[in-house]
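Here are some notes for a colleague who is opening this structure for the first time. They are set out as numbered points, to be read with the sequence and the coordinates at hand.

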Amino acid sequence: MFACSRINTGRASLDRSAIKVKTQGGLEGDFAVVICRACKDPPCVRACPLGALEKREDGRVVFKKDLCDGCGGCADACLIRAISMDAEGKAIKCKHCGACVAFCPHGVLEMEEVEE
Amino acid sequence: MLRRVLYIDLDRKESFVEDRYDLFEEWLGGTGVATQLLLEGCPEGADPLSPQAPIIFGIGPLTALFPAMTKTVAAFKSPLNGELGESYAGGRLAMAMRFAGHEAIVIRGAAESPCYISIRDDEVKIKDAASIWGVPATVVGYILRDVEAGVGRRSIIRIGPAGERLVRYAGVVVDTYRHFGRLGLGAVFGSKNLKAIVVSGTEDVEVPDPKRYREIYNQLYKTAVKTDAMEKYHDIGTPINVNVLNQLKGLPTRNFQESSFEEAEKISGEHLADNYLFRRVSCAHCPIGCIHIGMLKTSFSRHHEFEIRKISYDYELIYALGSNLGVTTPEGMLELIEACERQGLDAISTGVVLAWATEALDRGMITEDETLGIPLRWDGVKGYLEAIEKIVKAPNDFYSTLARGVEAASERYGGRDFAMALGGNEVAGYHTGPAFIFGLTVGVRHSHLDNAGYSIDQTAAKKPLTPEEMVDAIIAEDDARGVYNSLIGCLFARGVYTPDKIVEALGSVGIEKTKEDLEILGRKIFEEKYRFKVREGFDLKKLRVPARFYETVSTVGMVDPDTIETMMKIYRERRGWD
Ligand code: SF4
Ligand code: SF4
Ligand code: SF4
């Protein structure tokens, strides 16, 4: 999370990280990493009234911050809760840059190409 | 008093509730009612994966009221064998339906794009599930837990990638570690673009005479927690059967080529309990707690980075993904179980399909061209793991045929004699003798739980039974279970619910029935199920028994095909079918 906020926003912040690490409830109680999975038919893109989110040819779902007015529709639309809102009310969305992978010393995160 | 049926139409995205006193009055609830809803809701000859084919869930008059009355029935047309699809699951679903006030749910149509259904009391919402499409069944559980209300009282049921991709034996995972496993309900969900259903409710269940209810409850509870029969399910659990059946020569090994396994001890219930078991859980309102969860410690990178995976195991899974694939390590077997859990596959069918493929490869009926270079061989866990993924992804003709079941695979590639299915359903883990084989053949859903033939065989191993006696025992079980599955109780507690106790329990919730009423009802329910089966093309005369059953010694010695034929004659007579 620090790698994501440091590299993408220049700050040390948990709230500005697009990758979320948390513990999960339920019978199993383990760690979980929440990260945008670049859906085939992304509900966040459909939810955004301003076109701030866009599905690219290469599969990525990218976010244009200047178009975002902070309505939060995308965050609600994403069931895995990969989008959060920052203190200025704009969406925080993974751009699939892989910064987090470079700073994971334990082999938990990996960057891979997926074919659909 | 039960009555409410919730109808959900995925085409129109709407739902409504109808009071169906008529149905519950006549058919009690559970499978009795679900069968009627299937008969009326599924057009004759409908493609099981088309929008016309409905999904029906039902609970019964004792749900949430008595110990171990924990099951929900699912009725559908099976995409695996094209006739009656019926499956039972525990967990919290039955309780959640009861508290939501829906005694049956009928889902029709198909959504245009991935969706899930959220049911909270009378509020039904059909929501977008595009962001969880393709996600493993296990993970969908954690995700929906965070976005849906009702902590502690809700039930979350979902499919994995196998259901989405229409593997004909994909199941539906219920809460954690329970399943509608058999006969392909997962594929029916997938065909409707339905990823999951979340149910929760806040209603109470009232009874007409609380005093009487408490009295009969206490009796049943005492028997449930005190009988030895129940304790065995809690202690070692169903896997106690591994060593038992192994000794009795009833443990199918390497695709039924043998009936005992030299490495059985290593995958036995005792060994697992001593070395891998870390927790037991139970379905909501069950005093037994038979669900055994083992832990598998695996490293995901060098330098001692570990994760602990918690995997529930049961006898049938140990057979299907253990002995029947010649797997000699608990680790390997647990990994295979987990792979099925993530993909949302029925473990029994998957194991039987892989066992057939291993033998077919060994005999040269298929080659590594078909398996895409995967060396399927006994105990080859790595290959099996890869094959499971390929069955779901179906990258070639071979794997997409495997995804249609062992019957389809052997029709296409040969090896019928060792394609271990009866009535189109891959067989459960017993080679105990003729009652098992015959019970699966005539059972309404070709499941070992229709009439427990394996247990009749084990009785016969001590004191031989005539074909008449075996047939009578099978018919009695078939019919009695129609009633029990209408209540709906967990079959592990069936010893607690004698006919007298069922009459009393029903009486205490205001349903007056006699034992005779229930006997007649049991027979009628059986007949109604056959009505659906026959309507959809089932023909008992055309059923095939794989020769392998006659080639491998069983608990009661070699099985003679003539015994099965004799039993069939007697059976038809007794059922009045000739
Ligand atoms: S943010 Fe969520 S909904 Fe949007 S593409 Fe990523 S995972 Fe899908
Ligand atoms: S928060 Fe921004 S990106 Fe998200 S839906 Fe609203 S405008 Fe679009
Ligand atoms: S015995 Fe097991 S399966 Fe049956 S209700 Fe209890 S916990 Fe569930």
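**Notes on the chains, domains and ligand sites**

1. The contact between the two chains draws 21 residues from chain A and 24 residues from chain B. Please keep in mind throughout that this is a predicted model. The area buried between chain A and chain B is about 1,800 Å², and carbon and sulfur atoms give 51% of that area.

2. Across the interface of chain A and chain B the rule finds two salt bridges, and a salt bridge between the side chains of B:Asp146 and A:Lys22 has an N to O distance of 2.4 Å. The side of chain A that touches chain B is made up of eight nonpolar, six polar and seven charged residues. Five residue pairs, with both residues at pLDDT 80 or more, are in polar contact across the interface of chain A and chain B.

3. Ligand 1 has 13 residues around it, of which A:Cys36, A:Arg37, A:Cys39, A:Cys44 and A:Cys78 come nearest. Although these nearest residues belong to chain A, the site is shared between chains, because residues from chains A and B surround ligand 1. By class, the shell around ligand 1 holds 10 nonpolar, one polar and two charged residues.

4. For ligand 2 there are 14 surrounding residues, and those that come nearest are A:Cys48, A:Cys68, A:Cys71, A:Gly72 and A:Cys74. The shell around ligand 2 divides by class into 10 nonpolar residues, three polar residues and one charged residue.

5. Chain B is divided into domain 1 (4-200), domain 2 (230-422) and domain 3, which is given as two segments (432-494 + 514-575). This division is useful for placing ligand 3: domain 1 and domain 2 of chain B both give residues to the shell around ligand 3, so ligand 3 lies between them.

6. The residues around ligand 3 include the cysteines B:Cys283, B:Cys286, B:Cys290 and B:Cys490, and B:Thr70, B:Lys71, B:Arg178, B:Ser282, B:Ile288, B:Gly289 and B:Phe492 are also found there. Sorted by class, the shell around ligand 3 has six nonpolar, three polar and two charged residues.

7. Where domain 2 of chain B meets domain 3 of chain B, 25 residues of domain 2 are in contact with 19 residues of domain 3. The centres of these two domains, taken over C-alpha atoms, are separated by 25 Å. The area buried between domain 2 and domain 3 of chain B is about 1,900 Å², with carbon and sulfur atoms giving 61% of it.

8. Between domain 2 and domain 3 of chain B the count is two salt bridges, and the side chains of B:Arg544 and B:Glu407 meet in a salt bridge at 3.0 Å, N to O. The rule also finds 12 residue pairs in polar contact across the interface of domain 2 and domain 3 of chain B, both residues being at pLDDT 80 or more. On the side of domain 2 that touches domain 3, the elements of chain B that give two or more residues are α8 (228-234) and β16 (421-422). The residues on this side of domain 2 divide into 12 nonpolar, five polar and eight charged.

9. Two details of the backbone of chain B deserve a check. A cis peptide bond, with omega of about -10°, joins B:Leu487 and B:Ile488, and B:Ile488 has its place in the loop between α19 (467-484) and α20 (499-508) of chain B. B:Asn255, although not a glycine, has a positive phi of about 55°, and B:Asn255 is found in the loop between α9 (240-247) and α10 (269-275) of chain B.

Definitions and conventions:
Residues are numbered from 1 along each chain as its sequence is written. Chains are lettered from A and ligands numbered from 1 in the order in which they are written. This is a predicted model: local features need pLDDT of at least 70, side-chain atom pairs count only at pLDDT 80 or more; totals for chains, interfaces and linings use all residues. Side-chain values use heavy atoms; hydrogens and water are left out. A residue is near a molecule or strand if one of its heavy atoms lies within 4 Å of it. Ala, Val, Leu, Ile, Met, Phe, Trp, Tyr, Cys and Pro count as nonpolar, Asp, Glu, Lys and Arg as charged, and the others, Gly among them, as polar. Domain bounds come from an automatic or database domain assignment. Contact means heavy atoms within 4.5 Å. Buried area is the accessible area (1.4 Å probe) that two parts lose on being put together, summed over both. A salt bridge is a side-chain nitrogen of Lys or Arg within 4 Å of a carboxyl oxygen of Asp or Glu. A polar contact is a pair of N or O atoms within 3.5 Å; within protein, one must be able to donate a hydrogen and the other to accept it, and residues adjacent in sequence count only if both atoms are side-chain atoms. Helices (H or I, at least four residues) and strands (E, at least two) are DSSP runs, numbered from the N terminus.
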